[in-house]
Amino acid sequence: MRPESKSRWLIVCVLLLGVATVRSTAAAETDTPPLNFVVLLVDDLGFMDIGANNPNCFYETPNIDRFSDSAMRFTNGYAANPVCSPTRFSLMTGRYPTRTQATNFFSGKREGTFRPAPLNDKMPLDEVTIAEVLKPKGYQTFFAGKWHLGPDSDFYPPAQGFDVNMGGYHRGGPYTGKKYFSPFQNPELKPDSPPGDHLPDRLARETASFIEQNADQPFLAYLAFYSVHTPLMGRPDLVKKYQAKAAEIEGEEFADEEQVFGDRPRKVRILQKHAVYAAMVEAMDQAVGKVLDQIDAAGIADHTVVVLTSDNGGLSTSEGSPTSNLPLRGGKGWVYEGGIREPWIIRYPGVTQPGSVSDEPICSIDLLPTIAAAVDATLPQPIDGINLAPALRGNSLDREALFWHYPHYSNQGGFPGGAIRMGNYKLVERYEDGRIHLYDLSRDVGEKNDLADSMPDKAEQMRHRLHDWYQDVNAHFLREKNGNQPWVPSE
């Protein structure tokens, strides 16, 4: 090759190399990996049960608190219902469970002065779940823990878009085998663990293993703990730890609460010092830490959205009454704030600021539309929730109201009722007799000062809006019993 030809060839090679380098750099800058999603749902965890929400919390939750420091924490986050199955329905579908009459835990049919509203005790298969939204986008989908959304295997997670199911079936708690300790004898958790294994740790290990195996492709990992639901059972080492801690705490543990059925006085826990429950909370927190650590170890934290929440308020008025939700009133099974206000923490890389706090009211109906928007998925059915992206960026949400409908007598003593929140105001309506209560949550989060008589126009405005919503979602109400007719809303 002649010298001038060789020079021209070198110049061409250098130019081609430069073009390739520019293209490679541009591709690296634009070719971001798809988002993964990890949902951590804790059963019966109260708003005040984590250190991130409660600096004086008796229970120790260092992993959840650490997660909160890396994410956005919501102070006005809600469940769509004061008990489990309906809220789980709403998380999966983005819809109010009232639309299909899935308004109580499956299958709770307690009666009081009246018979409860008819209950649909299954999530219909034509409801589109988060997993079914993500599958067409190429996602691997995993479920572990408590499902409680249908009576048999026809309605279990594999029928609703999940590739893997570890432990999800019709039961609402770990009631088989040795319950929280192996052998679990859960027909959907195979193989069973060696004797002595602890259920929250087993579920966390399964979730971490799925994350490790699927780190190079988009995935949804949905871990729905059975913890901290009854039966109240803790690891002996942690129980001993909290027994010593509780011995240092003095004060009244219980106060009076209103009674809806039965003759015995209703009590509500007002002081956190239940050692067994504390042990359950910490063990759950350790399991959360195991999943978070796996996300970091896999090197995918920068493109993995993590959500932590609960399905209803802390258990405070029955079944051992293990926790206090103060200053919130009531607890699981009540439409007061203690029954529906939940921990909500979301880490969305590139969107949320570490350690940020939002006061925007959000709800379990918002999870699906937020995930769908993140992957640009079209929703095949009308939904009630909204995309939380504006709030996650620190802005306000364009939301008129949130609604609740619970036409049942809860196992925890809660009355049949509905509620609406508009701005800082919340109106509660009792279904036995139609009485209403109005509260300003910005000044009275404990719902002690009823403003219905002093603000009649506001109360009537909110009641009218609540009744419009009843019609929109085809709400059903209490039924006659022994010739006695309950109140029903006017048209």
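Hi everyone, let me start with one small pairing: Met 422 has Tyr 425 of strand 15 as its bridge partner. Before I go on, please keep in mind that this is a predicted model. The chain has an average pLDDT of 93, and 94% of the residues score at least 70. Please be careful with residues 1-30, though, where pLDDT stays under 50. For that stretch the model has 2 contacts beyond four places in sequence.

Back to our strands. Strand 14, residues 417-422, pairs with strand 15 in the antiparallel sense, over 6 bridges. The two make a hairpin with 2 residues between the strands, and in this hairpin Gly 423 takes a positive phi near 65°.

Now look at what comes after strand 15. Strand 16, residues 436-440, runs antiparallel to strand 15, and 5 bridges join them. Here Tyr 425 turns up again, with Asp 440 in strand 16 as its bridge partner. This second hairpin has 5 residues between its strands, and Gly 434 in the turn has a positive phi of about 80°.

Is strand 15 largely enclosed or largely open? It is largely enclosed by the rest of the structure, because 5 of its 6 residues, 425-430, are buried. At residue 430 there is also something pretty to find: Arg 430 lies over the face of Phe 415, 4.1 Å from the ring centre.

For anyone new to sheets, a quick reminder: strands pair through backbone hydrogen bonds, either parallel or antiparallel. With that in mind, let's move to another sheet. This one is open, has 8 strands in the order 5-4-6-1-9-10-2-11, and its pairing is mixed. Which strands sit at the edges? They are strand 5 (164-166) and strand 11 (356-358), each pairing on one side only. On average, neighbouring strands of the sheet are turned by 15° against each other, ignoring direction.

Inside this sheet, strand 4, residues 140-145, pairs with strand 6 in the parallel sense over 6 bridges. One example to click on is Gly 145, whose bridge partner in strand 6 is Ala 224. Helix 7 lies across strand 1, strand 6, strand 9 (304-310) and strand 10 (344-347), and runs at about 175° to strand 1.

Just past strand 6, find Tyr 226, in the loop between strand 6 (219-224) and helix 6 (236-246). Tyr 226 counts as buried because its relative accessible area is 2%, below the 20% cut-off. Tyr 226 and Pro 194 are 32 residues apart in sequence, and their C-alpha atoms are 19 Å apart in space.

Finally, the rings. The structure holds 24 aromatic pairs. Take Tyr 59 and Tyr 277: their ring centres are 5.2 Å apart and their planes meet at 70°, so this pair is edge-to-face. The pair links distant parts of the chain, with Tyr 59 in the loop between strand 1 (36-42) and helix 2 (62-69), and Tyr 277 in helix 7, 218 residues away. Both of these tyrosines, Tyr 59 and Tyr 277, are buried.

Another edge-to-face pair is Tyr 470 with Phe 477, at 4.9 Å centre to centre and 80° between the planes. Tyr 470 is buried at 3% relative accessibility, and Phe 477 is buried at 11%. Both belong to a cluster linked by ring pairs, whose members are Tyr 96, Phe 403, Tyr 431, Trp 469, Tyr 470, Phe 477 and Trp 487.

Thanks for listening!

Note on methods:
Residues numbered from 1 in each chain as written. Predicted model: local features only at pLDDT ≥ 70, side-chain atom pairs only at ≥ 80, totals over all residues. Heavy atoms only, no water. pLDDT = per-residue confidence, 0-100. Contact = heavy atoms within 4.5 Å. Phe/Tyr/Trp six-rings, centres within 6.5 Å; stacked < 30°, edge-to-face > 60°. Helix = DSSP H or I, 4+ residues; strand = E, 2+ residues; numbered from the N terminus. Buried < 20%, exposed > 50% of the residue type's maximum accessible area, 1.4 Å probe, protein only. Lys NZ or Arg CZ within 6 Å of the ring centre and 35° of its normal. Pairing = 2+ DSSP bridges. Axes fitted to C-alpha atoms, helices over the stretch in contact; angles between N-to-C directions.
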